[in-house]
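Thank you all for making time this morning. I would like to walk you through one model, beginning with a strand and how it is paired, and then moving outwards to the cores and the pockets.

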Amino acid sequence: MGNKFIVIEGLDGSGKTTVIYRIIQYLNKCGIINVITTREPGGTPVSDFLRVLIKYGGPISDPIDSISELLMIYAARFQLVKNVIKPALSRGYWVIGDRYDLSSQAYQGGGRGVDMLLLQALSDKVTSILYPDLTFYLDISPELSVSRIKNRIILDCLEQEPLSFFARVRSRYKKLASEKKNIIMIDASQSLEKVSAVIYRYLDWWVNKL
Ligand code: TYD
């Protein structure tokens, strides 16, 4: 059918939302109108419940451990893949994901330093049922990320982490992007026009083959 599963990744403030909007516009312009977007964590009723816990934490008397956070993230993702993404792909829809498995590798693996064996086992379980066709990683420094999100009224638990946390997240993102050929790293400190131009080149390649 030619439809694809594309994922956009990056630190908060890297411009994912705007880039996703542009991708949809671009695909529509090329005559591709069956496009859905997902945003993780979340995207099904169960995943959205988990999203609230992941983003805002548990009660003071029952703080969420990093392993519990990891398990909730993967539970949310599994529901999303099984009940939304896979059915959409089999109906011929293009799926644009705002975050996917690479976020867990970077935030939980790099940022939190969770047990890599556990992370890999969970990741294998989910990605064995669905691997993205292409991931665009929008690279910005932690300093730029913090300066772009500092005006947000409410910051979630992860956004309140220190700069050193985001430095670890970024370095894990960069490491994985350099190791895997279907992760495209783009310098997202550049203008939106330049970032979009790189993405359009990849989309063109697919669209022209349809
Ligand atoms: P969200 O408000 O959606 O932020 P953003 O616009 O940056 O995507 O919050 C999602 C937060 O969850 C974000 O801080 C990253 C974090 N996260 C993880 O730590 N691991 C994951 O696997 C995913 C999907 C998200």
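Before I name any partners, I should say that two strands are taken to pair when DSSP finds at least two bridges between them. What you see is a predicted model, so please hear everything that follows in that light.

With that in mind, let us look at strand S1, residues 5-10, which is joined to S4 by five bridges, the two strands running parallel. Within this pairing, Gly10 has Leu138 of S4 as its bridge partner. S1 also pairs with S3, again in the parallel sense, over four bridges, and there Phe5 stands opposite Val95.

Which way do the residues of S1 point? Phe5, Val7 and Glu9 point one way, while Ile6, Ile8 and Gly10 point the other way, and all of them are buried. Because six of the six residues of S1 are buried, the strand is largely enclosed by the rest of the structure.

That brings me to the cores. The largest nonpolar core has 37 residues, and those with the most contacts inside it are Ile8 and Tyr107. At least two residues of this core come from each of S1, H1, S3, H4, S4, H7, S5 and H8. Apart from it lies another core, of 16 residues, which includes Phe5, Val81, Val114 and Leu122. As for Tyr107, if we leave aside residues up to four places away in sequence, its contacts include Gly10, Asp12 and Arg99, as well as Phe165, Phe166 and Tyr173.

Now to the pockets, where the largest has a volume of about 630 Å³. Its lining is made up of 28 residues, and Asp12, Lys16, Lys55, Arg99 and Glu159 lie nearest its centre. Helices H1, H2, H3 and H4 are the elements that give two or more residues to this lining. What is the make-up of that lining by class? There are twelve charged residues, with eight nonpolar and eight polar.

The second largest pocket holds about 260 Å³ of space, and 19 residues line it, with Asp101, Leu102, Gln105, Tyr131 and Lys180 nearest its centre. Two or more lining residues come from each of S1, H4, H5 and H7, and H5 provides the largest share, five residues. By class, this second lining divides into eight nonpolar, five polar and six charged residues.

Note on methods
Residues are numbered from 1 along each chain as its sequence is written. This is a predicted model: local features need pLDDT of at least 70, side-chain atom pairs count only at pLDDT 80 or more; totals for chains, interfaces and linings use all residues. Side-chain values use heavy atoms; hydrogens and water are left out. On a 1 Å grid over the protein atoms alone, a cavity is a set of points where a 1.4 Å probe fits but cannot get out, and a pocket is an open set with protein on both sides within 12 Å along at least five of seven lines; lining residues have an atom within 4 Å of a point. Grid points are joined across faces, edges and corners, and a volume is the space filled by probe spheres set on the points. Ala, Val, Leu, Ile, Met, Phe, Trp, Tyr, Cys and Pro count as nonpolar, Asp, Glu, Lys and Arg as charged, and the others, Gly among them, as polar. A nonpolar core is a set of buried Ala, Val, Leu, Ile, Met, Phe, Trp, Tyr and Cys residues joined through side-chain atoms within 4.5 Å. Buried means under 20% relative accessible area, exposed over 50%, partly exposed in between (1.4 Å probe, protein chains only). Contact means heavy atoms within 4.5 Å.
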